[in-house]
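Here are some notes on the model, set out as numbered points. Please read them with the structure open.

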Amino acid sequence: MIELPDDGLHPDALRLLRPAYGTASLADLLPSVSAVLGVPGAADVLGLGARLDGVDKIAVLLVDGLGAYQLPLAAPHAPVLADLAAGGRGHAGTLTAGFPSTTPVSLVTLGAGVAPGAHGVLGFTVRRPDGRPLTHISWGDDPDPRQWQPVPTRMELAAAAGVRVTVVSRPQFEGSGLSLAANRGGVYRGAADGAAVADEMLAALREADGPALVYGYHPDLDHFGHEDGVGSESWREAARGVDKLLDRVVHGLPPRSALLVVADHGQLNVPAEGRRDMAAIPELSDGVIGVAGEPRVRYLYAADGALDDVLANWRGVFGDEASVLTRAAAIEAGWFGPVPDGHADRIGDVVVLCWGRTVSVASGWEPVKARQLVAYHGSATAAEMTVPLLIVR
């Protein structure tokens, strides 16, 4: 039995929330930042210009897993973060993640500045045209990231316009498929921990003698949320680590600089009774020839002629615990933004959006680890979709 810490979520956090593409989503952040930095053709959708007047060096720090609904739980352990979340050093607002609300989708949505349908990184795991799975967090050079994700990143566009662009992240991520899909165009600086992320971001800001965009990534909070649960002692310790990183950057910003803190998604803890395993419920495997996605948003690939049966079986098992949609219905509903024909097949024939505290486990199709996590994300509840936008200058 998995021990479940209290993640502090009010039932309201489990309501449906649609991505705010074009008005207030992660896809709108770097275009707005680029506009402030004078990149031609960039639109300041978020109205950052008024808040960042006189700023020409902007640092964007993404804290993996720091959803807006996790801020109150982190605040007692992270006083600097609590101050930022209260708007004490500039501005505190929110954005939505893209869909699915999972790390690879959100990182590329942020970096490319477009909705997921356009950039094509449409899930934690998707199926390639030849039927093989592609897990985006362990992606190398097959398929070629520049072809799989064809949209120029906002970093490429900014660098071409004369902005000094730097990416600060873990050394092992340099040159990975996901890094190239999300962040190509920036000079990469490896940083092995939170202190190094802060130091490298500040160094990049100080070294710039003109417009600069510095992007930093910190993964620890998400990791310990998955492993031990949101609200666990290890999660609280990771929140303290986030606070130390923020303290270092906030108090080290050089003149004419600003820091924007965002996240890729939130998380919620899922009890044992909320786990529906395909291996334990035989009808969930009937007619299914491929499985991708992740436990909160499952992609199913149906055998010829079996689509209606797969839909009926999954709806029968999950009832009101999930929305079970055809690919066409999910696209038409706008979850991914516009999806070109070349990207549509990366979405399952069937898309299962889990609600409440429910997950779809796919034993035999995905690593054992996927059913041993405590906290999950990926679906479209407010707890998963709402991310902070904290501005310091």
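1. A polar contact here is a pair of N or O atoms within 3.5 Å; within protein, one atom must be able to donate a hydrogen and the other to accept it. By that criterion the side chain of Asp 193 reaches the backbone nitrogen of Ala 196, at 2.9 Å. The model is a predicted one.

2. Asp 193 lies in the loop that runs between strand 6 (187-190) and helix 10 (194-207). Its relative accessibility is 39%. Buried means under 20% and exposed over 50%, so Asp 193 counts as partly exposed.

3. For a sense of distance, Asp 193 and Gly 49 are 144 residues apart along the chain, and 32 Å separates their C-alpha atoms.

4. Strand 17 covers residues 386-392, and 7 of its 7 residues are buried, so the strand is largely enclosed by the rest of the structure.

5. In a regular strand, side chains alternate between the two faces of the sheet. In strand 17, Thr 386, Pro 388, Leu 390 and Val 392 point one way, while Val 387, Leu 389 and Ile 391 point the other way. The residues of both sets are all buried.

6. Which way does strand 2 run relative to strand 17? Strand 2 (residues 90-96) is antiparallel to strand 17, and 7 bridges join the two. Within this pairing, Leu 95 has Val 387 of strand 17 as its bridge partner.

7. Strand 8 (residues 257-262) also runs antiparallel to strand 17, joined to it by 3 bridges. Here Val 261 stands opposite Leu 390 of strand 17.

Key. Residues are numbered from 1 along each chain as its sequence is written. This is a predicted model: local features need pLDDT of at least 70, side-chain atom pairs count only at pLDDT 80 or more; totals for chains, interfaces and linings use all residues. Side-chain values use heavy atoms; hydrogens and water are left out. Helices (H or I, at least four residues) and strands (E, at least two) are DSSP runs, numbered from the N terminus. Buried means under 20% relative accessible area, exposed over 50%, partly exposed in between (1.4 Å probe, protein chains only). Two strands pair if DSSP finds at least two bridges between them.
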